[in-house]
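Biologist: Could you walk me through how this chain packs together? I would like to go from helix packing to the core and then to a few single residues.

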Amino acid sequence: MELKPGVITLAMYKGKGQLFNAAIRTWTGSIYSHCELVMPDGRWLSASAMDGGVRAKRIDYKPEHWLLIPVPWANTRTIEAVFENHEGKGYDWLGIALAQFLPLGIDSKRRMFCSEFCADALGFHGAGKRFSPILLAEAVGRINRLPAVRLAHPLTEGYPDAQHA
């Protein structure tokens with residue numbers, strides 16, 4: 001799949017990455033270890049362990065490394081507001097351990113991890129710490145399959161979701 005200009009996209013990382021990526025994939029039983037929101041202007045927003053936390057950057061898209069899921073129902077203003085509120089916050093290593101590896105739901109208010117940022121930005125306010133990359137991709141895929149969403153946003157048709165990539 002190619003990036004669609006002007007459409008917010010959830011990008012799921014399936015590249016090899018580093019040891020941390022392998023640990024996430026093993027723990028979640030998924031091929032995905034990271035997620036990003038690709039904005040209509042080409043910025044990729046997320047909380048990145050490699051980049052030290054919440055940031056925006058331009059990523060050289062390689063189809064073999066990413067699954068793209070359109071999120072045409074996402075609200076650009078909400079995403080931008082969440083980004084502005086959290087930009088520069090560090091990566092939440094403790095939260096990844098206590099909310100993901102040990103499902104205690106404990107995380108830092110001053111730091112974020114990727115799926116927490118993306119979930120909050122997509123409107124899953126307050127529940128972001130409960131999402132892993134694969135769980136977020138599955139939730140977005142389910143929303144995209146809702147009849148009302150398909151009717152309002154036909155471009156969700158024909159795109160693979162996390163289960164059918």
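Modeller: Happy to; what follows is a short round of questions and answers on a predicted model.

Biologist: Lovely. How are α2 and α4 oriented relative to each other: roughly parallel, roughly antiparallel, roughly perpendicular or oblique?

Modeller: Helix α2 covers residues 76-86 and helix α4 residues 114-121, and their axes lie 8 Å apart at an angle of about 135°. Angles over 145 degrees would count as roughly antiparallel, and 65 to 115 as roughly perpendicular. The angle between α2 and α4 is in neither range, so the pair is oblique.

Biologist: And how many residues of the contact of α2 with α4 are nonpolar?

Modeller: From α2 come Thr78, Ile79, Val82 and Phe83, while α4 brings Phe117, Asp120 and Ala121. Among these, 1 is polar and 1 is charged, and the number of nonpolar residues is 5.

Biologist: Which residues touch the most other members of the largest nonpolar core?

Modeller: That core has 34 residues. Strands β1, β2, β3 and β5 each give it two or more residues, as do helices α2, α4 and α5. Another core, of 7 residues, lies apart from it and includes Trp44 and Tyr61. In the largest core, the residues touching the most other members are Leu10, Met12, Ile79, Phe117, Leu122 and Leu136.

Biologist: Let me pick up a polar residue. Is asparagine 21 buried or exposed?

Modeller: Asparagine 21 sits in helix α1, residues 19-28. Beyond its neighbours within four places in sequence, asparagine 21 is in contact with Tyr13, Lys16 and Ser33. Its side chain also has a polar atom 2.8 Å from the backbone nitrogen of glutamine 18. The relative accessible area of asparagine 21 is 8%, and the cut-off is under 20%, so this residue is buried.

Biologist: What about glutamate 80: buried or exposed?

Modeller: Glutamate 80 belongs to helix α2. Not counting residues up to four places away in sequence, glutamate 80 touches Met39 and Arg43. With a relative accessible area of 19%, under the 20% cut-off, glutamate 80 therefore counts as buried.

Biologist: One last question: how far apart in space are phenylalanine 113 and leucine 94, C-alpha to C-alpha?

Modeller: Phenylalanine 113 is found in the loop between β7 and α4. Phenylalanine 113 counts as buried, at 0% relative accessibility. In sequence, leucine 94 is 19 residues away from phenylalanine 113, and their C-alpha to C-alpha distance is 9.6 Å.

Key: Residues are numbered from 1 along each chain as its sequence is written. This is a predicted model: local features need pLDDT of at least 70, side-chain atom pairs count only at pLDDT 80 or more; totals for chains, interfaces and linings use all residues. Side-chain values use heavy atoms; hydrogens and water are left out. Axes are lines fitted to C-alpha atoms, for helices over the stretch in contact, and angles run from 0 to 180 degrees between N-to-C directions. Helices (H or I, at least four residues) and strands (E, at least two) are DSSP runs, numbered from the N terminus. Angles under 35 degrees count as roughly parallel, over 145 as roughly antiparallel, 65 to 115 as roughly perpendicular and the rest as oblique. Contact means heavy atoms within 4.5 Å. Ala, Val, Leu, Ile, Met, Phe, Trp, Tyr, Cys and Pro count as nonpolar, Asp, Glu, Lys and Arg as charged, and the others, Gly among them, as polar. Buried means under 20% relative accessible area, exposed over 50%, partly exposed in between (1.4 Å probe, protein chains only). A polar contact is a pair of N or O atoms within 3.5 Å; within protein, one must be able to donate a hydrogen and the other to accept it, and residues adjacent in sequence count only if both atoms are side-chain atoms. A nonpolar core is a set of buried Ala, Val, Leu, Ile, Met, Phe, Trp, Tyr and Cys residues joined through side-chain atoms within 4.5 Å.
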